[in-house]
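These are my notebook entries on a structure I looked through site by site. I set down what I looked up and what I found.

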Amino acid sequence: MNLVVVGSQWGDEGKGKLIDIISKDTDITVRYQGGNNAGHTVVVGNKEYIFHLLPSAILHKGKVCVIGNGVVVDPKALLQEISDLEKKGLKVTEKRFKVSDRCHVVMPYHRVLDGLRETKRKNKIGTTGRGIGPCYSDKVTRCGIRLVDLLNPKVLEEKLKDNLLEKNEIFKKVYGAKGYSFDSIYNEYLGYGKQLKKYICDTVIYLNEAIDKKKSILFEGAQGTFLDIDFGTYPFVTSSNSIVGGVCSGTGVGPTKIDKAIACVKAYTTRVGEGPFPTEFTNRLKDDIRKKGKEYGATTGRPRRCGWFDSVLVRYSVILNGIDELAIMKLDVLDDLEKIKICTAYKYKGKIYKNFPTDFEVIANAKPIYEEMQGWKTSTTGIREFNKLPVNARKYVRRLEKLLKVAVKYVSIGSKRDQIIVC
Ligand code: IMO
Ligand code: MG
């Protein structure tokens, strides 16, 4: 069985935890897009692990983790993550970790350009500043440097020289900033190539041979559906296809090999960075839920914006991703509330929107139409069976199921590994 887990909102739905649980029953876990803009937190016992590039399944002994070609790799960040894990006693061998030779490389000028572009923009995106957008831009512009190039000094020299010729002009003339010297980047990146060489391979062949041998694969989405470059709240999005559709182009595994898609759905809504957010809290709930849900970015530490559950948004996600099952995460964060609201439609200029609109003006100004439910005002964190949840909590989950038109398979009621209800 090959399955995909995707975020259904604006990221940070709890994918790290869900993937940690599911990946103990699959053989291989694969990232297919994004880069170290992602931040997936997994709590094991009293240890907390935050993953940015490596799939979190690396925590399970004997499982293989793969970074597919659709991911942009900052080699410095990747090596740091590997060395941090090794310091915690987890050996990252080439048997357990493989990275595609076709991955595009995040270069120092990408990171700096990310910041410079943000300062020039009138409407800031609030990127993570990891160079993700500029790296994907170079990929599409066809001047990108790939991991395979770090293993070939001649090719790297040629490509880097070509890039710096253009980039240094941009740095100087557009941003009034200093350019880069060829030598220092060249030597630094050849060094990364040497260190990563044992992990770099053709992951297309590796993955498809594994499928032929009936191994099971979990494709791990980063970010969320509404940060997708095509379907998200453009331009306040990331630069890759985070939806299930991104799996095929991001790994080289065909669509006929994917059996199931699971949506990771936070029981309320959060967003980091700028951009429209119709159900955002305007009262003190914004602080209460942020505190209770520990809603601070795992990558940048920025406070996350919080709001009510938006079924217009998530229903669109279900459609876009062809979702088979839902995982409702962080239900326990709502434990103390007297009343809970669910957005079921938007209203703008007298018109009702039941489907997620495309027009930016509508999304940015849409007023949510809510239905209200009674809270359960009981702690759910110790519960392990769906039928033992308070009746109002069950009613809330069942209402989400009905609005989203997909069955719930998991309900998470805490950050620890065992705090999960399988329905
Ligand atoms: P995980 O995988 C939440 C957001 C940024 C910004 C926009 C573009 O942890 O769910 P980028 O640096 O990608 O160019 O920034 O996307 N963003 C995320 N928000 N979770 C993430 O990842 C995110 N990755 C990027 O805040 O608004
Ligand atoms: Mg995150």
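**Entry 1: H40.** I began with H40 in this predicted model. Is H40 buried or exposed? I record H40 as buried, because its relative accessible area is 5%, under the 20% limit for that class. The residue lies in strand β3. I then looked for a side-chain partner and found E220: a polar contact of 2.9 Å joins the side chains of H40 and E220. H40 is also listed among the residues closest to ligand 1, which I took up next.

**Entry 2: ligand 1.** How many residues surround ligand 1? I counted 20 of them, the closest being D12, K15, H40, T128 and T238. By class, the shell holds 7 nonpolar, 10 polar and 3 charged residues.

I then went through contacts to the oxygen atoms of the ligand.
- For D12, I found a backbone N or O atom 2.8 Å from an oxygen atom of ligand 1.
- For T128, a polar side-chain atom lies 2.6 Å from an oxygen atom of the ligand.
- For Q223, a polar backbone atom is 2.8 Å from an oxygen atom of ligand 1.

I also looked up how far the ligand is covered. On its own, ligand 1 has 550 Å² of accessible area, and the protein covers 97% of this.

**Entry 3: the magnesium ion.** Which residues coordinate the magnesium ion (ligand 2)? I found D12, through OD, and G39, through its O atom, at 2.1 to 2.3 Å. D12 lies in the loop between β1 (3-7) and α1 (15-22), and G39 in the loop between β2 (28-31) and β3 (40-44), so the pair ties together parts that are 27 residues apart in sequence. I note that G39 counts as buried because its relative accessibility is 11%. D12 thus appears twice in my notes, since the residue coordinates the magnesium ion and is among those closest to ligand 1.

**Entry 4: cysteines.** How many disulfides does the whole structure hold? My search of the whole structure returned 0. I then examined individual cysteines. For C143, the closest cysteine sulfur is that of C135, at 9.6 Å, which is too far for a bond, because a disulfide requires the two sulfur atoms to be within 2.5 Å. C143 counts as partly exposed, at 22% relative accessibility. C248 is likewise in no disulfide, and its nearest cysteine sulfur, in C103, is 16 Å away. I entered C248 as partly exposed too, with a relative accessible area of 23%.

**Entry 5: backbone geometry.** Next I looked at the backbone. Which two residues does a cis peptide bond join, with omega of about 5°? I recorded Y234 and P235. P235 is placed in the loop between β10 (217-220) and α8 (246-251).

I also noted positive phi values in residues other than glycine. Phi of K214 is near 65°. K214 sits in the loop between α7 (203-212) and β10, and I class K214 as exposed because its relative accessible area is 72%, over the 50% limit. Phi of K377 is also positive, near 45°, and K377 is found in the loop between β18 (367-374) and α12 (391-404).

**Entry 6: S379.** I stayed with the loop between β18 and α12, where S379 is also found. S379 counts as partly exposed, at 48% relative accessibility. What joins the side chains of S379 and T381? I found a polar contact of 3.1 Å. I then checked S379 against L334: these residues are 45 apart along the chain, and their C-alpha atoms are separated by 9.2 Å.

**Entry 7: two further pairs.** I closed with two more C-alpha distances. I170 lies in helix α5 (residues 153-173) and counts as partly exposed at 28% relative accessibility. Between the C-alpha atoms of I170 and L113 I recorded 9.5 Å, with 57 residues of separation along the chain.

Where does G254 lie? I placed G254 in the loop between α8 and β11 (260-266). At 27% relative accessibility, G254 is entered as partly exposed. G254 and N208 are 46 residues apart in sequence, and I noted 8.9 Å between their C-alpha atoms.

How values were computed. Residues are numbered from 1 along each chain as its sequence is written. Chains are lettered from A and ligands numbered from 1 in the order in which they are written. This is a predicted model: local features need pLDDT of at least 70, side-chain atom pairs count only at pLDDT 80 or more; totals for chains, interfaces and linings use all residues. Side-chain values use heavy atoms; hydrogens and water are left out. Donors are N, O and S atoms within 2.8 Å of the metal (3.2 Å for Na, K and Ca); water is not among the atoms, so sites may look incomplete. Helices (H or I, at least four residues) and strands (E, at least two) are DSSP runs, numbered from the N terminus. Buried means under 20% relative accessible area, exposed over 50%, partly exposed in between (1.4 Å probe, protein chains only). A residue is near a molecule or strand if one of its heavy atoms lies within 4 Å of it. A polar contact is a pair of N or O atoms within 3.5 Å; within protein, one must be able to donate a hydrogen and the other to accept it, and residues adjacent in sequence count only if both atoms are side-chain atoms. Accessible areas come from the Shrake-Rupley method with a 1.4 Å probe; for residues, only the protein chains shown count as cover. Ala, Val, Leu, Ile, Met, Phe, Trp, Tyr, Cys and Pro count as nonpolar, Asp, Glu, Lys and Arg as charged, and the others, Gly among them, as polar.
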